[in-house]
Amino acid sequence: MTATQAPPPPQGPGVVPPFPAPPVEGRGRRVGLGVGVGAGVLVLVLGGGVAAAVGLATVATSALNEQADVVVGDYFDAVRDKRYGSAYDMLCQETRDRQTEAEFTRQVSAKEPISRYDVGDLNLVDLSTPVDLTYADGSTDRVEAYLTQNRRTGRFEVCSIEE
């Protein structure tokens with residue numbers, strides 16, 4: 001029978017490692033490169049998010065301006081063409097509750113006829129837009145068209161025209 005040999009005892013104090021210290025060459029460079037690439041990706045992602053938010057805000061503002069321009073333009077087209085019933089129907093419910101169609105027609109028809117108008121940009125704070133009017137006699141005026149949003153349809157409606 002062969003005798004089993006016990007494994008040699010583990011090496012103890014005074015053992016010399018196979019190399020004097022772990023290699024460090026290039027380690028600082030790799031860490032710096034990793035941090036730099038990570039920061040670059042973060043800047044790109046955040047920059048892309050900011051650019052997307054700015055683009056979305058610009059498109060939304062442009063769409064609201066366009067809708068306000070159409071609504072106010074339709075209203076002034078009806079007034080200019082003396083279609084007072086149509087103009088009255090374009091008013092918000094609150095205004096129609098305060099004023100009858102006959103009162104509206106009397107009030108609007110008493111003013112100088114409009115020959116031209118130019119709708120400005122929508123003020124998002126108070127939902128108003130400036131309108132430059134040119135009357136049949138050549139005089140001009142600037143009025144403010146105040147709008148509200150219909151809760152059922154989501155469309156803008158003219159609530160008042162103030163000088």
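A disulfide is taken here as a pair of cysteine sulfur atoms within 2.5 Å. The exercises below apply to a predicted model.

**Exercise 1.** Determine how many disulfides a search of the whole structure finds, and establish which parts of the chain the pair links.

*Solution.* The search of the whole structure finds 1 disulfide. Cysteine 92 and cysteine 159 form this bond, with their sulfur atoms 2.0 Å apart, and that separation is within the 2.5 Å cut-off. In general terms, a disulfide is a covalent bond between the sulfur atoms of two cysteines. Turning to location, cysteine 92 lies in the loop between helix 2 and helix 3 (93–98), whereas cysteine 159 belongs to strand 4, so that the pair, 67 residues apart, links distant parts of the chain.

**Exercise 2.** Assign the handedness of the disulfide between cysteine 92 and cysteine 159, and decide whether cysteine 92 and cysteine 159 are buried or exposed.

*Solution.* The torsion about the S-S bond is about 110°, and therefore the disulfide is right-handed. For the second part, the step needs a threshold, namely that buried means under 20% relative accessible area. Cysteine 92 has 2% relative accessibility and so counts as buried; cysteine 159, with a relative accessible area of 15%, is buried as well.

**Exercise 3.** Describe the largest nonpolar core, state which element gives the most to this core, and list the contacts of valine 72.

*Solution.* The largest nonpolar core has 24 residues, and Val72, Tyr75, Phe76 and Val131 are those with the most contacts inside it. Several elements each supply at least two residues of this core, among them helix 2 (84–89), helix 4 (101–109) and strand 3 (140–149). Helix 1 gives the most, with 7 residues. Once neighbours within four places in sequence are left aside, valine 72 is in contact with Val119, Thr129, Val131, Ala145, Leu147 and Val158.

**Exercise 4.** Identify the residues that form a nonpolar patch on the surface, and place valine 37 in its element.

*Solution.* The patch is formed by Leu33, Val37, Val41 and Val45, which together have about 380 Å² of accessible area. Valine 37 is located in helix 1, which covers residues 27–80.

**Exercise 5.** Characterise the surroundings of serine 115 and its accessibility.

*Solution.* Serine 115 sits in strand 1, and because its relative accessibility is 36%, this residue counts as partly exposed. Not counting residues up to four places away in sequence, serine 115 touches Arg80, Thr134, Tyr135 and Ala136. Of these, tyrosine 135 is 20 residues from serine 115 in sequence, with a C-alpha to C-alpha distance of 5.1 Å.

How values were computed
Residues numbered from 1 in each chain as written. Predicted model: local features only at pLDDT ≥ 70, side-chain atom pairs only at ≥ 80, totals over all residues. Heavy atoms only, no water. Patch = residues over 30% accessible without salt bridge, like charges linked within 9 Å, V, L, I, M, F, W, Y side chains within 5 Å. Areas by Shrake-Rupley, 256 points an atom, 1.4 Å probe, with all protein chains shown as cover. Salt bridge = Lys/Arg side-chain N within 4 Å of Asp/Glu carboxyl O. Helix = DSSP H or I, 4+ residues; strand = E, 2+ residues; numbered from the N terminus. Core = buried A, V, L, I, M, F, W, Y, C linked by side-chain atoms within 4.5 Å. Buried < 20%, exposed > 50% of the residue type's maximum accessible area, 1.4 Å probe, protein only. Contact = heavy atoms within 4.5 Å.
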